[in-house]
Amino acid sequence: MHTMTSTSVWLVGAGGMALDYLKVLRALDCQITVIGRGEESARKFETQCDHPVVSGGLETFLASRPIVADAAIVAVGVEALAATTMSLLQAGVRRILLEKPGALNCTEIKTLEAEARARGAEVIIAYNRRFFASTLAAQQMIKEDGGVQSLNFEFTEWGHVIEGLTKAPGVKEAWLLGNSTHVIDLAFCLGGEPIELQAFTAGALPWHPSSAVFAGAGRTVGGALFSYQANWGAPGRWGVEILTSQRRLIFRPMEALQVMRRGSVTIEPVALDLALDQAFKPGLHEQTRRFLTGNLDGMCSLADQVRHWPLYEQIAGYAHA
């Protein structure tokens, strides 16, 4: 397994996602400093994984003028992603892996991108589904088949569950950005970026007043046609289907890959090497390894996310800042 004994990493956050990252960073043999905010979450984290947490928050930690790490991973709540990353950039960190979607609104993400650019820093948005074994296998098949002809996807969220969740102000109202972009990002990562989009929304939910039902279609940069739909007030699940000249590639559930071949209606599971996706949160080991070794091929840069942001707002029916 690839080791990075000399790589120092600041892991900012002490919640569930940070635990997943710690497991990966340990396997990659990094020098890890975990920085948490609250005393309670810090103690809980330490108990769960037997690793010390510097509590009191990032600002307090930075005030002690530590030696700047080689890289940082930001795994805090959506509402704090942009501010945390801004502090790291201003402290001199030049390589940052930032949990999706990177910010809560358009102003935040644009401000962050301008700051990163001005400082010559590399900020990557962590869409781990790009690195599932299923995704990597599909990319190879797409290449073999000469590209994508069309695609469709569904990003239905379970509104009845989300309604009861306790989140910071503004997070549930921007749920499509914080959560559904997992699916949308993967669809466009495989099928190509949209150059045309017609989006429709209907309805509203108490926690998501902008929209509840979504449909749309368009064309990607490679000429593939796409369509999507979702209904957050009805049963459904996430799914992506990619169509080539030879195969229909089906991600439902997203961790698995099934194939329907030309001339058949049989749907067959694809045998995948799932060792890493079973040992760690799926996609996380490969994503983090590539990031730390500087192999950014296939990653979502902060500039990419700024470019995608208006598309997401359009799909969600959010007012564009």
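These are my notebook entries on a predicted model.

**Ground rules**

I number residues from 1 along each chain as its sequence is written, and I use heavy atoms for side-chain values, leaving out hydrogens and water. Because the model is predicted, I require pLDDT of at least 70 for local features and 80 or more for side-chain atom pairs, while totals for chains, interfaces and linings use all residues.

**Entry: the seven-stranded sheet**

I looked up the strand order. Helices (H or I, at least four residues) and strands (E, at least two) are DSSP runs, numbered from the N terminus. Two strands pair if DSSP finds at least two bridges between them. One open sheet has seven strands, ordered β3-β2-β1-β4-β5-β6-β15, with mixed pairing. Its edges are β3 (53-54) and β15 (300-301), each of which pairs on one side only.

I then followed β1, residues 8-12. It runs parallel to β4 (residues 71-74), joined by four bridges. L11 has I73 of β4 as its bridge partner. β1 also runs parallel to β2 (residues 31-35), here with five bridges. W10 is partnered by T33 of β2.

Is β1 covered on one face or both? Both: S8, W10 and V12 are buried on one side, and V9 and L11 on the other. I count as buried anything under 20% relative accessible area, as exposed anything over 50%, and as partly exposed what lies in between (1.4 Å probe, protein chains only). S8 counts as buried because its relative accessibility is 18%. I take contact to mean heavy atoms within 4.5 Å. Leaving aside residues up to four places away in sequence, S8 touches Q31, A69, D70 and A71.

**Entry: the eight-stranded sheet**

A second open sheet has eight strands in the order β8-β9-β10-β7-β11-β12-β13-β14, and its pairing is mixed. The edge strands are β8 (194-202) and β14 (267-269), each paired on one side only. From one strand to the next, the twist averages 15 degrees. β7 (residues 150-155) and β11 (residues 238-243) are antiparallel, over six bridges. F153 stands opposite V240 of β11.

I also checked which helices lie on these strands. Axes are lines fitted to C-alpha atoms, for helices over the stretch in contact; angles run from 0 to 180 degrees between N-to-C directions. Helix α6 (residues 133-144) touches β11, β12 (247-251) and β13 (258-261), and its direction makes about 165 degrees with that of β12. Helix α11 lies across β7, β8, β9 (213-220) and β10 (225-231), at about 30 degrees to β8.

**Entry: helix pairs**

α5 (residues 106-119) and α11 (residues 302-316) have axes that come within 9 Å and cross at roughly 165 degrees. That makes the two helices roughly antiparallel. My angle classes are roughly parallel under 35 degrees, roughly antiparallel over 145, roughly perpendicular from 65 to 115, and oblique for the rest. This crossing is left-handed; that is, the near helix is turned anticlockwise from the far one by less than a right angle, whereas clockwise would be right-handed. The contact residues include C106, I109 and L112 in α5, and L302, V306 and W309 in α11.

α1 (residues 16-27) and α10 (residues 284-293) pack at about 60 degrees, their axes 10 Å apart. They are therefore oblique to each other, and their crossing is right-handed. Among the residues that meet are M17, Y21 and L25 in α1, and L284, T288 and L292 in α10.

**Entry: cysteines**

I searched the whole structure for disulfides (cysteine sulfur pairs within 2.5 Å). There are zero. Why is C30 not bonded to C49? The C49 sulfur is the closest to that of C30, but at 15 Å it is too far for a bond. C30 is buried, at 11% relative accessible area. C189 is in no disulfide either; the nearest cysteine sulfur, in C300, is 8.9 Å away. C189 is partly exposed at 24%.

**Entry: backbone oddities**

Most residues other than glycine have a negative phi, and most peptide bonds are trans. I noted the exceptions below.

- K100 and P101 are joined by a cis peptide bond, omega about 0 degrees; P101 is in the loop between β5 (95-99) and α5.
- R252 to P253 is also cis, with omega near 5 degrees; P253 is in the loop between β12 and β13.
- D29 has a positive phi of about 60 degrees and lies in the loop between α1 and β2. It is partly exposed at 34%.
- R65 has a positive phi of about 50 degrees and sits in the loop between α3 (58-63) and β4. It is exposed at 74%.
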